[in-house]
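Good morning, and thank you for joining this group meeting. Please look at the sequence and the model as they appear, and I shall then take you through several parts in turn.

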Amino acid sequence: MLRVLHVIGPMRTGGAQTQLLGLVRAAHGKFWDATVCGTSPGSMTSEFEAAGIPVSELRRWGSPGLIRMARLRRVVAKGSFDVVHSNLWQSNLYTRLAVLGVRQKPKIVISERGVDYERSGLYRFVDRRLRSLTDAWVGNSVTVVEFIEHAHTLSHGQVALIPNAIDREIFRSSSTERASSGPLRVGTVGRLTWEKGHEVLIEAARILVDRGHSFEFCIAGEGPRREELEGLASGLPVTLLGALEPGRQVAGFLSSLDIFVLASHQEGRPNAVLEALAAGIPAIVCDAPGSVEALDDGGIVVSRGDPRALADALLKVAADLPAAERVARAAGDRVLDFDQLAHRYLELFNQLCIEAIDPTK
């Protein structure tokens, strides 16, 4: 059985960490023996350990990057790994620097999970210099694949597209009738940062209130814009709920909604949209390419930064919720589960290891 080291950034709650947790839960001991290495500790370490996954942490808070790379190098050297699968840009950098000069270099697979054309010139230079140490790249959406091709000066077809997945045991559709005849409940999930566009949803709420419509709005997430967003939401039927734990807490929140909204200005392939669709919740997204791809014709797309268009879309969905739910469920049925995701990665890992044995393959 293959031995795979998965390297990721801080072990805090996040979309990439949630995807990796689902992947290794599905794969460990069945498709490959997994070990996880985080660049710093966080709340999700215990979840990996509870799943029986060996976990290493490269540093404590504040440790210099050189120490992290030295520790990662020791992990790689001791582990006799066939593949090192790295996620997120910082981990991708550390991983390739750490394997420089390693006697038996494992195959290096680099996963990008978002689009970041604002990376510094120094980082882009170093990244391209390390290209020869990379055996495969993975993007989780067409948009991210195109970004990787641009950032790493790769030809079309050199990057594998492996979409995000969901846990169908947790996120499942229920066709129950609404419990009350009160205001429709609209919600979103995401960190309180600029790219998530929460101010657009809040302004759409203001427009609907001014028009005399009755909705309730809930924003689940935490982040640096909380105070600002609370000010924008003052006097409106908008509640900021704080952070939710991935999995069952998010699933419970989604099941309480009538309509899901993601107003992001930019996305890679947002888990929240996939989870909402799997739960059969009608979805509206702004036209960030990654969001549109995740929606997969399962809802309505509106222009980024246009709260009036979002307000109009909410009224359109509200006018025929059963039809919108059917569209969402059909799209949710097309989302990968984590067993399917593990099969996709296993095919890639096996192909790389076969080529290592027989370079003519």
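**Strands, helices and spaces in the model**

I begin with one pair of residues: the bridge partner of cysteine 286 is valine 302, in strand 14. Please bear in mind throughout that this is a predicted model. The two residues belong to a wider pairing, in which strand 13, residues 283–286, and strand 14, residues 299–302, run parallel and are joined by four bridges. How are these two strands and helix 11 arranged together? With helix 11, residues 289–295, they form a right-handed β-α-β unit.

A second unit of this kind can be found elsewhere. Strand 4, helix 4 and strand 5 make a right-handed β-α-β unit. Strands 4 and 5 are parallel, with five bridges between them, and histidine 85 has valine 109 in strand 5 as its bridge partner. Strand 5 also pairs with strand 6; these two run parallel and share four bridges. Within that pairing, serine 111 stands opposite valine 138 of strand 6. Strand 5 is mostly covered, since five of its six residues are buried.

Next, I turn to helix 6, residues 142–151. Why is helix 6 described as largely enclosed by the rest of the structure? The reason is that seven of its ten residues are buried. These are Thr143, Val144, Val145, Phe147, Ile148, Glu149 and Ala151. As for what surrounds them, the buried residues of helix 6 pack against strand 5 (107–112), helix 5 (121–129), strand 6 (136–139), strand 7 (159–161) and helix 11. Helix 11, you will recall, is the helix of the unit formed with strands 13 and 14.

After helix 6 comes threonine 153, with a positive phi near 50 degrees. As background, most residues other than glycine have a negative phi. Threonine 153 sits in the loop between helix 6 and strand 7, and it counts as partly exposed because its relative accessibility is 43%. Leucine 88 is another residue with a positive phi, of about 80 degrees, although it is not a glycine. Leucine 88 is placed in the loop between strand 4 and helix 4. With a relative accessible area of 25%, leucine 88 is partly exposed.

I now move to the empty spaces. In general, rolling a probe the size of a water molecule over the atoms shows where empty space is left. The largest pocket holds about 1600 Å³ of space. Its lining comprises 45 residues, and those nearest its centre are Gly14, Gly15, Ala16, Arg191 and Lys196. Helix 1 (15–27), helix 4 (89–98) and helix 10 (271–278) are the elements that give two or more residues to this lining. Which helix gives the most to the lining of the largest pocket? That is helix 1, with five residues. By class, the lining of the pocket has 14 nonpolar, 18 polar and 13 charged residues.

How many cavities of 30 Å³ or more does a search of the whole structure find? The search finds one, and about 70 Å³ of space lies in the largest cavity. Among the residues lining this cavity are Ala16, Gln19, His85, Arg113 and Tyr345. Helix 1, strand 4 (83–87) and helix 14 (338–357) each supply at least two lining residues, and helix 1 gives the most, with four. The lining of the cavity divides into seven nonpolar residues, four polar and one charged. Ala16 therefore deserves a second look: it is one of the residues nearest the centre of the largest pocket, and it also lines the largest cavity.

Finally, I draw your attention to two individual residues. Threonine 193 lies in the loop between strand 9 (184–189) and helix 7 (198–210). Is threonine 193 buried or exposed? At 11% relative accessibility, it counts as buried. Setting aside residues up to four places away in sequence, threonine 193 touches Pro224 and Arg225.

Alanine 204 belongs to helix 7 itself and is buried, with a relative accessible area of 0%. Its contacts, leaving aside neighbours within four places in sequence, are with Pro307, Leu310 and Ala311. Alanine 204 and alanine 309 are 105 residues apart along the chain, and 8.2 Å separates their C-alpha atoms.

That concludes my presentation, and I thank you for your attention.

Terms used: Residues numbered from 1 in each chain as written. Predicted model: local features only at pLDDT ≥ 70, side-chain atom pairs only at ≥ 80, totals over all residues. Heavy atoms only, no water. Pairing = 2+ DSSP bridges. Right-handed = clockwise from strand over helix to strand, strands pointing away. 1 Å grid on protein atoms, 1.4 Å probe; cavity = no way out; pocket = protein on both sides within 12 Å on 5 of 7 lines; lining within 4 Å. Points joined across faces, edges and corners; volume = space filled by probe spheres on them. Nonpolar A, V, L, I, M, F, W, Y, C, P; charged D, E, K, R; others polar. Buried < 20%, exposed > 50% of the residue type's maximum accessible area, 1.4 Å probe, protein only. Contact = heavy atoms within 4.5 Å.
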